[in-house]
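Biologist: I'd like to learn how each label in a description like this is earned. Could you show me the structure, and then let me ask away?

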Amino acid sequence: MVINTVPFTLPGFTITETRQEEARLIIEASSTATSAICPNCQQVSRHSHGWYPRRPQDLPCIGEGVYLELTVRRFRCLNPECPKKTFAERFPDWLPTYARRTTRLTKVLRRVGFEVSAESGRRILRWFAITISGDTLLRIVKRTPVVPTRTPRVVGIDDWALRKGQRYGSLILDQETRQVVELLKGRTAEDVQPWFQAHTEVEIVTRDRSPEYRNALTATAPQAQQVLDRWHLLLNLRHLAEHVIASVYRRLKKLPMPFELQSSRPRFLRSLREQQRMDASRQRRLDLYHEVQRLKQLGLNPSQMLQQLPHSYYTLRLFYHAPEFPERMPGRTLRSKLEPYLDYLESRFQAGCQSVSQLHKEIQTQGYPGTPTLVSNWLQARRLLAYADPASVDTLPITATSSSLPSAHKLAWLLVLAPEKLTDHDAAMLCHIRQDEAIHHFYDLAQEFRGLLQARSTERLDDWLETAAHSTLPKVRTFTRGLRAEYAFLRAALEHEWSNGQTEGQITRLKFIKRQMYGRASFELLRQKVLYHPGST
Ligand SMILES: [Zn+2]
């Protein structure tokens, strides 16, 4: 079928015919140029030397794939000095030499290729009548230049996990443009030094408290002001809070829980298999602890142990420094399989359903993977509770395995967050644990630390360090000593507006991209995708 008129033009060409062939729209056109510039000697030539065809793919039109059938000229170069005897017309604006696609089509493919995985991209593009292989899409992504031309002045550096808990990388962000400028393998001083050696123009670096980054920067970027990241400092504080709570957790558990804070949910015994899993998990940690201690005797540090032990650096470091085996934080036990369905079960119980097989069937359709045994245990416990006197709940055997006091991990946030951000329940819980003298003392310190970070007040910092250095809590004193060792960087954190908030955002984006590639992407492809910025190409 021949279509006579088309609602568009191809500049420099006369459209001679438009026809439909299978599911494609073919647009035939001939070049109208009468002269061209020799790409070698830049001289104009008007001497035609015949024609040759090009058949590039273009953007689709009215739901059909479009192919151009172009007849372009070949010219003769008359310059006797020029080694090029003939040359073809060029269209740098929209059809690069030898390209099989127009620039506007490549642009769309690139956007899709950076947005989703190559395979999803191929499928999505097919709906829009663009036929392209996943490999071609990947090639377009890999060939896109992504290294920024601007030299960054203020950067943020942070680490991210390539394989969770095993292999890490570092991300460097230009704080002023908010664009990722480099993704590096590893996060040791050796890994990041070459980049800083090559970028002596960097004036300010925001970082977390990793000694590796500190050493690398001090050695290779002495001109740069190091600034501790305020958000990481808050995380350090939260971590400290968790340790402080853990050290008095037994005492906190003994405080009589006010009735309004008591959980109305029955706790239930774990199945034998769940108990076995927990025991096995503890044994694995214990074995690892002994192994770390053995390697420590041989003179290895945690970074060197990473080569042999497939565990996270943080775990190795924790075990390395622990004088004895660190049990898991109290209250932080494996979740029961039943946990996501407890609210539902509770509502069904309230509605009068007490059949194990019925309840099991119902939650199975919602995705519960376990056996009816756990449901039966829960139901027994729930029935007991229903007929028990609330005051005696604590003495019931079903509550024996867990307390209604949240884990140290959860409680830590209550001490660190601003009071106005707490819910009524959390505020009541905070009030409850502050009955303990140590927690009461620590809470004031924690709140002042958060406050001075927010207010960016160096005077308050000096006062705080003075007070905290004399704290009755040894962990607080250790924390303060650590901060004092980095006093200049800590002070800079308050004096400079720069912080790692943007870096955190980019790491979230990196994780998203990694998930999209189902964790199978090579480091190079990941780097390409993370460094890409739609405005840049
Ligand atoms: Zn020439």
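Biologist: What makes you careful about residues 390–403?

Modeller: This is a predicted model, and pLDDT is the predictor's confidence in each residue, from 0 to 100. Over residues 390–403 the pLDDT stays under 50. The model has 21 contacts there beyond four places in sequence.

Biologist: How does the protein score in general, and which elements have the lowest and the highest mean pLDDT?

Modeller: The mean pLDDT of the protein is 86, and 90% of its residues reach 70 or more. Among the elements, strand E1 (residues 2–3) has the lowest mean, 58, and helix H16 (residues 458–469) has the highest, 96. Residues 330–334 have a pLDDT below 50, and beyond near neighbours in sequence that stretch has 15 contacts in the model.

Biologist: Let's turn to helices. Why are H1 and H3 called roughly perpendicular?

Modeller: Two packed helices are described by the angle between their axes and the distance between the axes. The axes of helix H1 (residues 103–115) and helix H3 (residues 134–143) come within 9 Å and cross at roughly 90 degrees. The label covers 65 to 115 degrees, so H1 is roughly perpendicular to H3.

Biologist: Which residues make that contact?

Modeller: H1 brings Thr106, Leu109, Arg110, Gly113 and Phe114, while H3 brings Leu137, Ile140 and Val141. Sorted by class, the contact of H1 with H3 has 5 nonpolar, 2 polar and 1 charged residues. Gly counts as polar in this scheme.

Biologist: And why are H19 and H20 called oblique?

Modeller: The axes of helix H19 (residues 501–516) and helix H20 (residues 523–531) come within 10 Å and cross at roughly 130 degrees. Roughly perpendicular ends at 115 degrees, and roughly antiparallel needs over 145. The crossing angle of roughly 130 degrees fits neither label, and therefore H19 and H20 are oblique to each other.

Biologist: Is that crossing left-handed or right-handed, and which residues take part?

Modeller: H19 passes H20 in a right-handed crossing. Leu510, Ile513 and Lys514 of H19 meet Leu526, Lys529 and Val530 of H20. By class, this contact has 4 nonpolar, no polar and 2 charged residues.

Biologist: What does H19 lie across?

Modeller: H19 lies across strand E10 (154–163), E11 and E12, and runs at about 130 degrees to E11.

Biologist: How do you know that strand E11 and E12 are paired?

Modeller: Pairing needs at least two bridges. Strand E11 (residues 167–174) and E12 have 6 bridges, in the antiparallel sense, so they count as paired. One place to look is Ile172, which stands opposite Glu182 in E12.

Biologist: What makes E12 and E14 the edge strands of their sheet?

Modeller: That open sheet of 5 strands has the order E12-E11-E10-E13-E14, with mixed pairing. Strand E12 (179–185) and strand E14 (225–228) each pair on one side only. Ignoring direction, neighbouring strands in this sheet are turned by 30 degrees against each other on average.

Biologist: How do you know that E7 pairs with E8?

Modeller: Set the bridges against the cut-off of at least two. Strand E7 (residues 57–61) and E8 have 3 bridges in the antiparallel sense, so the pair qualifies. Gln57 stands opposite Tyr67 in E8. In the hairpin of E7 and E8, which has 2 residues between the strands, Ile62 takes a positive phi near 35 degrees.

Biologist: What other strands pair with E8, and in which sense?

Modeller: E3 pairs with strand E8 (residues 64–76) in the parallel sense over 7 bridges. Arg24 stands opposite Gly65, and Ala29 stands opposite Leu70. Strand E6 (residues 48–54) runs antiparallel to E8 with 5 bridges, and Ser48 stands opposite Phe75 there. Strand E9 (residues 86–88) is joined to E8 by 3 bridges, again antiparallel, and Phe87 in E9 is the bridge partner of Phe75.

Biologist: And how are E2 and E3 joined?

Modeller: Strand E2 (residues 13–21) and strand E3 (residues 24–31) run antiparallel, joined by 8 bridges. Phe13 has Ser31 in E3 as its bridge partner. E2 and E3 form a hairpin with 2 residues between them, and Glu22 in the turn has a positive phi of about 50 degrees.

Key:
Residues numbered from 1 in each chain as written. Predicted model: local features only at pLDDT ≥ 70, side-chain atom pairs only at ≥ 80, totals over all residues. Axes fitted to C-alpha atoms, helices over the stretch in contact; angles between N-to-C directions. Helix = DSSP H or I, 4+ residues; strand = E, 2+ residues; numbered from the N terminus. Parallel < 35°, antiparallel > 145°, perpendicular 65-115°, else oblique. Left-handed = near helix turned anticlockwise from the far one by under 90°. Contact = placed C-beta atoms within 7 Å.
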